[in-house]
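Biologist: I would like to learn how to read a few features of a protein model. Please take them one at a time, with the general idea before the case.

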Amino acid sequence: MIIDFNGKKIYAETHGDGEALVMLNGIMMSTPSWTQFIPALSSRNKLILLDMLDQGQSSRMSEGYDITLQADVLKKVLDELGIKKATICGISYGASVAMNFAIKYPDYADKLILFNCVPYTSQWMRDIGKGWKLARHSPQAYYHTTIPVIYSADFYNHNPEWIAARKEFLMQHVFNNKDFLDAMDRLTDSAVAHDVRDELAGITAKTLLVGSKEDYLTPPQQQKYIRERVPGANLVVIENCGHAAMYEQPDIFTALITGFVNE
């Protein structure tokens, strides 16, 4: 379905019935990224997938914006679907959106599941983002700047065929696309001002934080910081896993979500 958001098109889709479960994309993701998880995540829940601004089938922006605008996008989608409470699950960029949403619209967020998240964008992360933008001149450079670091070394080294297929797809269909790269620049810039450190204590949603022991981008100490400040929050750290938990440990990823949302 297409939802109008201030003149911009937002793509969303639903699967199954039950308590609402929203999945918020990581920065490079779009709704097809969840395809392999749809059967499990929709078996007992109304699964809601959406492309935020500058993602997938939703509208591209022509100028910069703040990540909190994506929280407004999510509220619009839930309003259009007539949903007043939902579990919001986000990974990385999507987790930052989820935290901002829970702070801005607390009545809508029943539960939060936050994978590989940070309470604010540090200078270290800002400089990584600058590196991504500088590498856009070459699909090869963009791949090697953005992709290897999201996996654990063990996964990357022991799954060469999977990695090779992923690289070929990204190089041929994604990283040579100017519209995608322009959108990535805006998405990256939108997260620069992300900082909810002073507002974490006000999150009322029941919260599960999930980190990965081998996550080099958003290491577990970042999730520990959030756990110590969000009332009643719990933290699970996945062993032998990098930033891309959904790809490296899909069974654990799915079990954590379905168990928490339906407990």
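Biologist: Is Thr207 buried or exposed?

Modeller: A residue counts as buried when its relative accessible area is under 20%. This model is predicted, and in it Thr207 has a relative accessible area of 1%, so Thr207 is buried. Thr207 sits in strand β7, which spans residues 206-212.

Biologist: Which residues does Thr207 touch, not counting those up to four places away in sequence?

Modeller: The list is Leu112, Leu114, Val230, Gly232, Ala233, Asn234 and Phe260. There is a polar feature too: the Thr207 side chain reaches the backbone oxygen of Ala205 at 2.8 Å.

Biologist: Next, helix α2. Where is Gln70, and what is its relative accessible area?

Modeller: Gln70 belongs to helix α2, residues 68-81. Its relative accessible area is 1%, and because the cut-off for buried is under 20%, Gln70 is buried.

Biologist: What does the side chain of Gln70 reach?

Modeller: The Gln70 side chain reaches the backbone nitrogen of Leu53 at 3.1 Å. A polar contact of 3.3 Å also links the side chains of Gln70 and Tyr93. With neighbours within four places in sequence left aside, the contacts of Gln70 are Met52, Leu53, Tyr65, Tyr93, Val97 and Leu187. Leu53 and Tyr93 therefore appear in the contact list of buried Gln70 and as its polar partners.

Biologist: Thr68 is in helix α2 as well. How exposed is Thr68?

Modeller: The class between the two cut-offs, 20% and 50%, is called partly exposed. Thr68 has a relative accessible area of 27%, so Thr68 falls in that class. Leaving aside neighbours within four places in sequence, Thr68 is in contact with Asn100 and Lys104.

Biologist: Which side chain joins that of Thr68 in a polar contact?

Modeller: That of Asp66, at 2.8 Å. Asp66 is placed in the loop between β4 (45-50) and α2. With a relative accessible area of 31%, Asp66 is partly exposed. Outside its neighbours within four places in sequence, Asp66 contacts Ser190 and Ala193.

Biologist: How should I read separation in sequence against separation in space?

Modeller: Put the two values side by side for a pair of C-alpha atoms. Asp66 and Ser43 are 23 residues apart along the chain, and their C-alpha atoms are separated by 34 Å. For Thr68 and Asp182 the values are 114 residues in sequence and 19 Å in space, C-alpha to C-alpha. Leu170 and Pro220 give 50 residues and 28 Å on the C-alpha basis.

Biologist: Where does Leu170 lie, and what is it in contact with?

Modeller: Leu170 lies in helix α7, residues 160-173. Its relative accessible area is 7%, so Leu170 is buried. Beyond neighbours within four places in sequence, Leu170 is in contact with Tyr143, Ile147 and Phe175.

Biologist: What is the general idea for backbone phi?

Modeller: Most residues other than glycine have a negative phi. Asn6 has a positive phi, near 50°. Asn116, which is not a glycine, has a positive phi of about 50°.

Biologist: Where are Asn6 and Asn116 placed?

Modeller: Asn6 is in the loop between β1 (2-5) and β2 (8-15). Asn116 is in the loop between β6 (109-115) and α4 (123-134). As for accessibility, Asn6 counts as exposed at 66%, whereas Asn116 counts as buried at 0%.

Biologist: Now the whole chain. What does the radius of gyration say?

Modeller: The radius is set against the value for a compact globule of equal length. For 263 residues that value would be near 18 Å, and the protein has 17 Å, so the two agree. The C-alpha atoms fill a box of roughly 45 × 45 × 40 Å along the principal axes.

Biologist: How many helices and strands make up the secondary structure?

Modeller: The protein has 11 helices and 8 strands. Of its 263 residues, 53% are buried. Among contacts between residues at least 6 apart in sequence, 76% join residues at least 24 apart.

Biologist: What about the surface and the charges?

Modeller: About 11,400 Å² is exposed, with carbon and sulfur atoms supplying 50% of it. There are 25 positive and 31 negative charges, and their mean positions lie 3 Å apart.

Key. Residues numbered from 1 in each chain as written. Predicted model: local features only at pLDDT ≥ 70, side-chain atom pairs only at ≥ 80, totals over all residues. Heavy atoms only, no water. Helix = DSSP H or I, 4+ residues; strand = E, 2+ residues; numbered from the N terminus. Buried < 20%, exposed > 50% of the residue type's maximum accessible area, 1.4 Å probe, protein only. Polar contact = N/O pair within 3.5 Å; in protein donor to acceptor, adjacent residues only side chain to side chain. Contact = heavy atoms within 4.5 Å. Rg over C-alpha atoms; globule rule 2.2 N^0.38 Å. Areas by Shrake-Rupley, 256 points an atom, 1.4 Å probe, with all protein chains shown as cover. Lys, Arg positive; Asp, Glu negative; His and termini not counted. Charge placed at Lys NZ, Arg CZ, Asp CG, Glu CD.
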